[in-house]
Amino acid sequence: MEVSLGQVGLDASWCRWVACFVSSPAKLIDNIAGALRPGGLAIFHEYSDYETFRFMPIRPALEKFSHEVMASWRAAGGEPNIGRTLPDLLRAAGMRVLEIRPLVRTVAPTDYAWQWPASFIEINVVRLQELGRLTTTEGAEVLREFRAAAGDPQSWFTTPLFLEIVARRPL
Ligand SMILES: C[S@@+](CC[C@H](N)C(=O)[O-])C[C@H]1O[C@@H](n2cnc3c(N)ncnc32)[C@H](O)[C@@H]1O
């Protein structure tokens, strides 16, 4: 189903981790640009280097897991590293790109943000098994490696690198 925001004259829009899933990010950007008032701001957080999803020390099943996550998004018509092309799409939609800032975090098991990989992995192991991208044995190994990482105070996780992109609709 296609949804149009319409020309509603918004002061600003905020869009995070959506463009990587849609089959036509150009339409999404046109839609957002059209919904802003002249001078309105559009802010995005989208991945540009999903490959930085990494547990240290490196854990092979978790490496395969992130590879399969990317492959599954691509198979569904998305693109995990869509942040790389958003600036061009924004310019094509008549927007002025003001800022492109790379963001990546390192997270330790004791950090609050550790909850993100915890829930993401739990949900996506099941999804990847349903898609036939992980066997039951491989899924169990991903969860075992994650529990080992969570119990190791020396371990850390680097998030997929994403870009904060700020663009303005010209006056
Ligand atoms: C990873 S979540 C991000 C949720 C939220 N934006 C955030 O930052 O926490 C991905 C979101 O993209 C939405 N989404 C996925 N495919 C979509 C599509 N084809 N059209 C519109 N929304 C979609 C999902 O419904 C979900 O809300």
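**Close-up views of the predicted model**

**View 1. Arg16 meets the ligand.** An oxygen atom of the ligand lies 2.5 Å from an N or O atom in the side chain of Arg16. A polar contact is a pair of N or O atoms within 3.5 Å; within protein, one must be able to donate a hydrogen and the other to accept it, and residues adjacent in sequence count only if both atoms are side-chain atoms. The protein covers 39% of the 590 Å² of accessible area that the ligand has on its own. Such areas come from the Shrake-Rupley method with a 1.4 Å probe; for residues, only the protein chains shown count as cover.

The model is predicted: local features need pLDDT of at least 70, side-chain atom pairs count only at pLDDT 80 or more, and totals for chains, interfaces and linings use all residues. Residues are numbered from 1 along each chain as its sequence is written, and side-chain values use heavy atoms, with hydrogens and water left out.

**View 2. The shell around the ligand.** Arg16, Trp17, Val18, Phe21 and Val22 surround the ligand. A residue is near a molecule or strand if one of its heavy atoms lies within 4 Å of it. By class, this shell has four nonpolar, no polar and one charged residues. Here Ala, Val, Leu, Ile, Met, Phe, Trp, Tyr, Cys and Pro count as nonpolar, Asp, Glu, Lys and Arg as charged, and the others, Gly among them, as polar.

**View 3. Trp17 and Cys20 in one loop.** Trp17 sits in the loop between β1 (10-16) and α1 (25-35). Helices (H or I, at least four residues) and strands (E, at least two) are DSSP runs, numbered from the N terminus. Phi of Trp17 is near 55°, a positive value in a residue other than glycine. Trp17 counts as partly exposed because its relative accessibility is 25%. Buried means under 20% relative accessible area, exposed over 50%, and partly exposed in between (1.4 Å probe, protein chains only).

Cys20 also belongs to the loop between β1 and α1. Cys20 has 0% relative accessibility, so this residue counts as buried. Not counting residues up to four places away in sequence, Cys20 touches Glu46, Tyr47, Trp73, Gly78, Glu79, Pro80 and Ile82. Contact means heavy atoms within 4.5 Å. Cys20 and Gly132 are 112 residues apart in sequence and 21 Å apart in space, C-alpha to C-alpha.

**View 4. The aromatic pair of Phe53 and Phe55.** A pair of aromatic rings is described by the distance of the centres and the angle of the planes. Rings of Phe, Tyr and Trp (its six-membered ring) pair if their centres lie within 6.5 Å; planes under 30 degrees apart count as stacked, over 60 as edge-to-face and the rest as tilted. The count comes to 19 aromatic pairs by this rule. One of them joins Phe53 and Phe55, edge-to-face, at 5.9 Å centre to centre and with 70° between the planes. Both Phe53 and Phe55 are buried.

**View 5. A cis peptide bond before Pro57.** The bond from Met56 to Pro57 is cis, and omega is near -5°. Pro57 lies in the loop between β3 (54-56) and α2 (60-75).

**View 6. Thr159 between two strands.** Thr159 is in the loop between β6 (156-158) and β7 (161-168). Thr159 counts as buried because its relative accessibility is 12%. Leaving aside neighbours within four places in sequence, Thr159 contacts Thr52, Phe53, Val104, Arg105 and Val107.

**View 7. Leu134 between two helices.** The loop between α4 (115-130) and α5 holds Leu134. At 4% relative accessibility, Leu134 is buried. With neighbours within four places in sequence set aside, its contacts are Lys64, Phe65, Glu68, Leu128, Gln129, Gly139 and Val142. From Leu134 to Gln154 the C-alpha distance is 28 Å, with their positions 20 residues apart in sequence.

**View 8. Two alanines in helices.** Ala26 is part of helix α1. Its relative accessible area is 34%, so Ala26 is partly exposed. The C-alpha atoms of Ala26 and Glu68 are 25 Å apart, and these residues are 42 apart along the chain. Ala140 is part of helix α5 (residues 136-150). Ala140 is partly exposed too, at 43% relative accessibility. A C-alpha distance of 54 Å separates Ala140 from Leu171, 31 residues apart along the chain.

**View 9. The chain that frames these views.** The protein chain has five helices and seven strands. Along the sequence they follow the pattern β-α-β-β-α-α-β-β-α-α-β-β. The C-alpha trace spans about 55 × 35 × 20 Å along its principal axes. Of the 171 residues, 41% count as buried.
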